[in-house]
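Please open the structure in the viewer and display the whole chain as a cartoon. The tour proceeds by selections, each followed by a description of what is found there.

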Amino acid sequence: MKNSKWKSAALSGLRELAEYSYDKLLLIHSPPHRSISYGGAGIAYAFWKAACVLDSPEWLNQARFLIDHVAAAPEDGRLAKLPLHEAGEFDVQVEDSLFYGNRGLQFAQILIGHAEDNPNLYEKALKLFISPESKRMKQQELLQGIAGRLIGCALLYRQTALTDLKSYGDALAADLMETANISDHNIPWADNHRLGMAHGRAGNYYALLRWSAESGYKLPEWVYNGLHDYAVSAIPQKHGISWPIDEREESRYMNSWCNGAPGLILLWELAYRTSNNDPLFLDTALAAGEYCVHLGAYSYGHLCCGAAGVSYAMLCLNRINPEGPWLEHAYRFAEQARQGLMIKHWRMSLYHGLAGVICLMLDLDNVQEAQQPIMEG
């Protein structure tokens with residue numbers, strides 16, 4: 001990896017992260033403390049990514065040191081109360097969630113153990129990750145439910161080729177498609193009125209496409225038919241198109257990975273690549289990109305709701321439309337991410353803090369290989 005301002009920013013951030021022991025994180029972070037989105041497992045993931053990108057045993061050792069301390073700590077419990085943008089709290093299901101719970105911890109252990117060629121670590125974590133108890137979780141959504149674990153399974157299968165993941169992922173895909181209730185509705189997941197990646201239908205579609213792309217799992221025709229309907233349901237804006245947070249409230253929009261067009265861009269790019277280059281999905285991705293680039297600057301820098309998530313969406317567009325302006329915008333949003341604010345409750349974390357911005361900085365010197373954490377790699 002060549003020296004650049006992005007690499008320098010990444011190394012500076014990594015050194016800052018390394019100063020925080022897990023015990024110190026407990027003092028400055030809100031729960032769930034062990035999670036991959038908000039807590040120690042996500043920071044260990046960032047060290048693992050640095051080890052891979054920089055070919056650095058130092059950062060792999062740091063990842064292992066932290067994940068061992070996270071795993072030895074008390075569990076977070078079945079529910080966590082998350083501060084909601086400084087204005088109250090909301091409950092999330094921690095149990096069995098890839099992003100909030102033990103599945104994310106085990107996901108990170110498998111990646112780190114496999115990178116170390118340490119079966120003692122990854123085989124134990126794999127056994128827990130694919131346990132039947134996790135498969136029975138009924139929530140469908142990405143952050144708390146089946147879709148998130150299916151994405152985790154897909155990326156672990158690509159990274160490790162561990163055969164136990166194949167049967168588990170197939171079962172998760174079948175469970176997720178069952179929740180679509182297509183025999184009762186013309187619209188898959190019609191009972192979920194949210195449209196974004198984190199909590200809505202987009203995350204369910206994305207998880208199925210990702211599993212199919214990584215494992216060869218054959219998806220039924222209704223998946224791509226549903227995606228066609230989903231694409232044309234976009235609402236035209238002054239520039240480009242977008243989707244409201246909730247289909248029942250067409251005036252509420254977010255320009256974020258979690259609930260807006262940047263997250264949907266990841267879906268349309270993957271749909272384009274897995275559908276023999278269906279032009280509808282390309283046009284939809286590019287129009288969503290036009291919406292993103294004409295909005296104002298971001299004060300927050302992190303992945304979930306900030307500039308880092310938008311930068312990854314621009315890098316995604318650059319892969320399928322390299323003649324477009326997307327790389328320039330990716331760098332622009334990355335600069336905002338580098339200088340932006342983090343959510344104070346999780347300011348070192350992967351999806352709401354410094355660790356996620358570090359991952360973006362690591363990707364910017366090799367943009368064709370850039371992969372948003374958890375979602376793409």
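Begin with the whole chain, coloured by residue number: among contacts between residues at least 6 apart in sequence, 66% join residues at least 24 apart. The model is a predicted one. Its secondary structure comes to 16 helices and four strands. Along the principal axes, the C-alpha trace spans about 50 × 45 × 40 Å. A compact globule of 377 residues would have a radius of gyration near 21 Å, and the 19 Å of this chain agrees with that.

Next, switch on the surface. The accessible surface of the chain comes to about 15000 Å², and 49% of this belongs to carbon and sulfur atoms. Of the 377 residues, 61% count as buried.

Hide the surface and turn to the interior. In soluble globular proteins, nonpolar side chains tend to be buried together. Here the largest nonpolar core has 137 residues. Select Phe99, Phe107, Trp257, Leu267, Trp268, Met314 and Met375, the residues with the most contacts inside this core. Helix H14 supplies the largest share of the core, ten residues.

Now select helix H15, residues 326-339. At 1.5 Å a residue, its 14 residues should span 20 Å; the end C-alpha atoms are 20 Å apart, so the expectation is met. Which residues of H15 are buried? They are Trp326, His329, Ala330, Phe333, Ala334, Glu335, Gln336 and Ala337. To see their surroundings, add helices H1 (5-18), H13 (279-293), H14 (307-320) and H16 (354-363), against which the buried residues of H15 pack.

The following stop concerns aromatic side chains. The structure holds 19 aromatic pairs. Select tryptophan 189 and tyrosine 205: the ring centres are 5.0 Å apart and the planes stand at 85°, so the pair is edge-to-face. This pair links distant parts of the chain, with tryptophan 189 in the loop between helix H9 (164-178) and helix H10 (201-215), and tyrosine 205 in H10. Tryptophan 189 is buried at 0% relative accessibility, and tyrosine 205 is buried at 2%. Extend the selection to Trp222, Tyr224, Tyr230, Trp243, Trp268 and Phe281, which form one aromatic cluster together with Trp189 and Tyr205.

Finally, centre on aspartate 246, in the loop between strand E4 (241-242) and helix H12 (261-274). Is aspartate 246 buried or exposed? Its relative accessibility is 6%, so aspartate 246 counts as buried. Leaving aside neighbours within four places in sequence, aspartate 246 is in contact with His193 and Arg194.

Methods: Residues numbered from 1 in each chain as written. Predicted model: local features only at pLDDT ≥ 70, side-chain atom pairs only at ≥ 80, totals over all residues. Heavy atoms only, no water. Helix = DSSP H or I, 4+ residues; strand = E, 2+ residues; numbered from the N terminus. Expected span 1.5 Å × (residues − 1). Buried < 20%, exposed > 50% of the residue type's maximum accessible area, 1.4 Å probe, protein only. Contact = heavy atoms within 4.5 Å. Core = buried A, V, L, I, M, F, W, Y, C linked by side-chain atoms within 4.5 Å. Rg over C-alpha atoms; globule rule 2.2 N^0.38 Å. Areas by Shrake-Rupley, 256 points an atom, 1.4 Å probe, with all protein chains shown as cover. Phe/Tyr/Trp six-rings, centres within 6.5 Å; stacked < 30°, edge-to-face > 60°.
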